[in-house]
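I opened this entry to keep track of what I looked up in the model and in which order. The notes go from single residues to a helix pair and then to the whole chain.

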Amino acid sequence: MCDYLQKYSSLNKATLRKRCIARVSTLNRMIDSSNRNIEEEKKLRKDILKYKSVIFDKKASLRDKISLCFLLFGVPFYKLCWNFYKKMTERM
């Protein structure tokens with residue numbers, strides 16, 4: 001779908017943002033899994049960081065921007081932050 005939308009230049013930023021956030025969501029599920037594959041997580045992180053320009057996208061949510069920033073420090077640090085985020089949002 002994203003490949004199809006490339007012909008509409010006005011949607012490029014939105015498509016890029018969606019690709020990035022979908023991958024972050026996948027990484028979150030992988031981290032939460034009882035059957036983790038560290039190498040696949042590292043590959044996915046590397047792929048996600050191709051989209052780090054989303055950090056500067058005004059329409060990206062603050063949570064997504066922060067997630068990308070944490071990923072710059074590696075999957076173990078990101079996992080620690082993700083688990084903390086989940087605990088904090090469960091309390092609310």
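I began with Ser67 and asked for its contacts, leaving aside neighbours within four places in sequence; the search returned Val24 and Tyr78. The model I am reading is a predicted one, and I keep that in mind for each value below. Ser67 has its place in helix H4, and because its relative accessibility is 10%, under the 20% limit, I entered Ser67 as buried.

Since Val24 had come up as a contact of Ser67, I next looked at how helix H2 (residues 12-32) lies against helix H4 (residues 62-71). I noted that two packed helices are described by the angle between their axes and the distance between the axes. For H2 and H4, the axes come within 11 Å and cross at roughly 65 degrees, and the crossing in which H2 passes H4 is left-handed. I then listed who makes this contact: on the H2 side Cys20, Ile21, Val24 and Leu27, and on the H4 side Asp64, Ser67, Leu68 and Leu71. Sorted by type, the residues of this contact come out as six nonpolar, one polar and one charged.

My next stop was Lys79, which sits in helix H5 (residues 75-91). Is Lys79 buried or exposed, or does it fall between the two? Its relative accessibility is 25%, and Lys79 therefore counts as partly exposed, the range for that label running from 20% to 50%. With neighbours within four places in sequence set aside, I found Lys79 in contact with Ile31 and Arg36. I also checked the separation of the C-alpha atoms of Lys79 and Asn28, which is 8.1 Å although these positions lie 51 residues apart along the chain count.

I looked up two cysteines as well. Cys69 has a relative accessible area of 31% and is partly exposed, whereas Cys81, with 16%, is buried. I searched for pairs of cysteine sulfur atoms within 2.5 Å, and the count of disulfides came to zero.

Last, I recorded the totals for the protein. It has five helices and zero strands, which read along the sequence as α-α-α-α-α. Of its 92 residues, 33% count as buried, and the accessible surface comes to about 6800 Å², with 58% of it belonging to carbon and sulfur atoms. Among contacts between residues at least 6 apart in sequence, 51% join residues at least 24 apart.

Definitions and conventions
Residues numbered from 1 in each chain as written. Predicted model: local features only at pLDDT ≥ 70, side-chain atom pairs only at ≥ 80, totals over all residues. Heavy atoms only, no water. Axes fitted to C-alpha atoms, helices over the stretch in contact; angles between N-to-C directions. Helix = DSSP H or I, 4+ residues; strand = E, 2+ residues; numbered from the N terminus. Left-handed = near helix turned anticlockwise from the far one by under 90°. Contact = heavy atoms within 4.5 Å. Nonpolar A, V, L, I, M, F, W, Y, C, P; charged D, E, K, R; others polar. Buried < 20%, exposed > 50% of the residue type's maximum accessible area, 1.4 Å probe, protein only. Areas by Shrake-Rupley, 256 points an atom, 1.4 Å probe, with all protein chains shown as cover.
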